Each structure stands twice: as structure tokens, then as C-alpha cells.
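Got a protein model open and not sure where to start? Let's talk through how to read it, from the overall fold down to the inside.

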Amino acid sequence: MLKTKEKIVYKAFGYKIVSDISFPELPVVGESTEKQDIQIEFGDFTKHKKELENNPYFHAVLDNQVLFYVPDVAFFSIQEGSKILFSPKHNVEEDLLRLYLLGTCMGVILMQRNILPLHGSAIEIDGKAYAFIGESGAGKSTLASAFMKRGFSLVSDDIIPVSFENSIPFVIPSYPQQKLWQESLDHLGMDSTKLKPIYERETKFNVPVQTKFTGRPLQLAGIFELSKQNLGEVNLLKIGKLQSLKTLFAHTYRNFLIPRLGILDWHFIISTRIINDLNIFRLQRPMNGYTANDLVSLVLGTINKEDK
């Protein structure tokens with residue numbers, strides 16, 4: 001693995017990022033002479049190497065940093081919301097390394113900056129952001145793609161950063177790319193032959209969406225939890241406030257770190273502010289079959305009723 005000859009400034013999650021390795025999936029916004037918000041650099045893990053190697057996937061919180069180790073990939077350290085250090089294993093593929101840098105590492109960066117990272121996809125509808133959260137495999141990205149097929153734009157995929165401005169919750173755009181399974185591409189009528197598979201996941205692909213991406217923060221106007229149920233058709237339920245708190249915690253990205261970071265109170269406060277500002281619904285879909293188009297219609301109908 002080689003460092004980039006010239007450090008380039010990228011844009012993701014609302015921040016300018018300068019990195020020792022390239023990120024072809026991220027928009028380029030300038031050169032390294034510009035002021036950056038986040039640095040991604042090679043680091044020395046000699047001090048903690050043995051401890052981390054003896055605890056694969058263990059996340060340690062020490063001295064304002066989060067440390068973790070992924071066997072055969074790298075050691076990682078996320079520090080004070082502004083720096084990610086990594087030490088890759090020999091001959092690790094950069095595609096795999098970037099999955100962790102833009103995934104877990106950025107999720108921690110957001111929490112360190114007091115920005116709530118929800119696990120899901122967000123779509124722009126009538127100038128506002130609507131979040132679709134849920135467990136892995138619930139169909140969040142597929143549903144977002146179905147919205148995009150109808151002309152709507154993506155705000156964020158996988159991680160939804162939520163912050164407040166003047167007491168109003170906003171979603172910060174991530175970067176113009178989705179991750180979709182082959183089955184979803186088939187249902188959506190999309191050709192995968194020109195798409196790049198995600199590392200070691202030959203049937204899941206990176207899907208660029210530059211022309212259908214919203215690059216500005218948008219007010220968060222609604223949240224829909226997507227779940228699979230033993231039903232014959234799609235269904236929608238409004239979630240009560242107490243259950244909404246549990247739902248937001250369950251679908252916070254890498255939520256197991258919240259108590260370790262000592263931010264349980266912060267998470268409760270920001271979650272309470274969100275549910276006091278908007279409604280959370282549960283979207284139920286059958287265990288099998290493609291129902292994204294029906295879900296899109298159900299969501300749009302619900303939004304229209306809420307706006308009246």
C-alpha cells in the first residue's frame with residue numbers, strides 16, 4: 001500500500017477530509033493546502049498492538065480515542081472527532097480498508113462531534129429529508145433506490161448524520177454512492193456489469209449516484225423504520241414516543257459504543273429532541289418478494305397526509 005503522492009481534499013459527511021490513501025468514491029473539493037476538518041493518516045500502534053491483537057474486533061476507549069483491530073485488515077484509532085490513524089496489515093486490499101474508514105471510523109467521528117449517526121438511508125422529498133432506518137438486510141438502500149427511480153434524490157446511504165441547527169434536526173449528506181445487492185439491482189432493472197463489487201461481496205455493488213444526490217443539509221421531517229414481518233402485504237404503524245426512543249437507539253450506527261464513550265445522556269437528549277419534532281413510523285413488509293414500489297407509494301401517501 002502506497003501513500004498518495006499529493007494529498008487531496010475530499011468531501012464527505014459535510015467535512016473536508018485529507019487522507020494518506022485515495023478515496024475514489026468521494027468528491028474532490030481541493031488540494032491539501034486548504035484547511036481540512038478530518039485527517040486520515042498512517043499511524044504507529046506499537047503501544048497498543050499486543051492488547052488489540054489479543055482482542056480481535058475489540059473496541060477500546062482510551063485517552064479521548066477509540067481503538068480497534070480487524071484481523072488481516074488494520075489497526076484503527078479515531079481521535080477527538082478530527083483524526084483517524086490506521087496501520088494496515090501486509091497486502092490488505094484498499095477497497096476493504098476503505099470500508100472500515102468510511103464506516104465504523106466515520107461513525108465514531110460523528111459521535112465524537114455530537115452528531116447522531118443513524119443506520120439507514122435518507123431521501124429528499126419536497127425539499128426535506130426522510131430517513132429509512134432498520135436492521136441490515138431490511139431493504140433500506142433498495143427502498144431508497146426505488147425512490148430515486150421515481151425522480152427523488154439521495155441524501156445519505158448506510159450512515160445518516162443528524163445534527164441540530166436552531167433547534168431543528170438536519171441531515172448532513174454523506175457522499176454520492178449506494179451499496180446494493182444483485183437481487184435489488186435486478187428488481188430495479190439496473191445493469192451490474194459496469195459496477196464494482198464491494199470487496200469479498202461479489203453480489204453486492206458500489207453504485208455511484210452523482211446525478212441523483214443532494215449535496216446540501218436538509219431538515220429531517222420524518223423517520224421510517226423498515227422491518228420484515230410475516231404479513232401478506234405492506235403495512236404502516238405510527239410508533240409511540242417511548243418506543244421511538246428505543247427505536248432510535250437500536251438503529252444508531254455502532255450503538256454498542258455509546259456507553260463506552262460515556263454519551264448515554266447525550267444520546268437520550270438528542271433522541272428526545274428528534275421525537276418531539278417529528279413522527280416515527282414502522283414500515284412492515286413481507287419476508288419475501290419485492291415490495292419497494294408499494295412502500296414508496298405508502299410513504300408518499302403518509303407524508304401528504306402529515307402535511308395537511
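Here is a short chat between a learner and a teacher about this predicted model.

Q: How many helices and strands does the chain have?
A: Helices and strands are counted as runs along the chain. Here you get 8 helices and 18 strands.

Q: How compact is the chain for a globular protein of that length?
A: The idea is to compare the radius of gyration with what the globule rule gives. For these 308 residues both come to 19 Å, so the chain is as compact as a globular protein of that length. Along its principal axes, the C-alpha trace spans about 55 × 45 × 40 Å.

Q: What share of the residues is buried?
A: A residue is called buried when its relative accessible area is under 20%. In this chain that applies to 51% of the 308 residues. As for the accessible surface, it comes to about 14,800 Å², and carbon and sulfur atoms hold 46% of that.

Q: What do the contacts say about residues far apart in sequence?
A: Look at contacts with a separation of 6 or more: 64% of them join residues 24 or more positions apart.

Q: Where is the cavity, and which residues line it?
A: A cavity is a space where a probe fits but cannot get out. The search turns up 1 cavity of 30 Å³ or more, with a volume of about 30 Å³. Its lining includes Phe13, Leu102 and Lys179. Strand S11 (residues 153-165) gives the largest share, 3 residues.

Q: What classes of residue make up that lining?
A: By class, you'll find 4 nonpolar, 1 polar and 3 charged residues. Asp157 and Asp158 are among the lining residues too.

Key:
Residues are numbered from 1 along each chain as its sequence is written. This is a predicted model: local features need pLDDT of at least 70, side-chain atom pairs count only at pLDDT 80 or more; totals for chains, interfaces and linings use all residues. Side-chain values use heavy atoms; hydrogens and water are left out. On a 1 Å grid over the protein atoms alone, a cavity is a set of points where a 1.4 Å probe fits but cannot get out, and a pocket is an open set with protein on both sides within 12 Å along at least five of seven lines; lining residues have an atom within 4 Å of a point. Grid points are joined across faces, edges and corners, and a volume is the space filled by probe spheres set on the points. Helices (H or I, at least four residues) and strands (E, at least two) are DSSP runs, numbered from the N terminus. Ala, Val, Leu, Ile, Met, Phe, Trp, Tyr, Cys and Pro count as nonpolar, Asp, Glu, Lys and Arg as charged, and the others, Gly among them, as polar. The radius of gyration is taken over C-alpha atoms; the globule rule is 2.2 Å times the number of residues to the power 0.38. Buried means under 20% relative accessible area, exposed over 50%, partly exposed in between (1.4 Å probe, protein chains only). Contact means heavy atoms within 4.5 Å. Accessible areas come from the Shrake-Rupley method with a 1.4 Å probe; for residues, only the protein chains shown count as cover.
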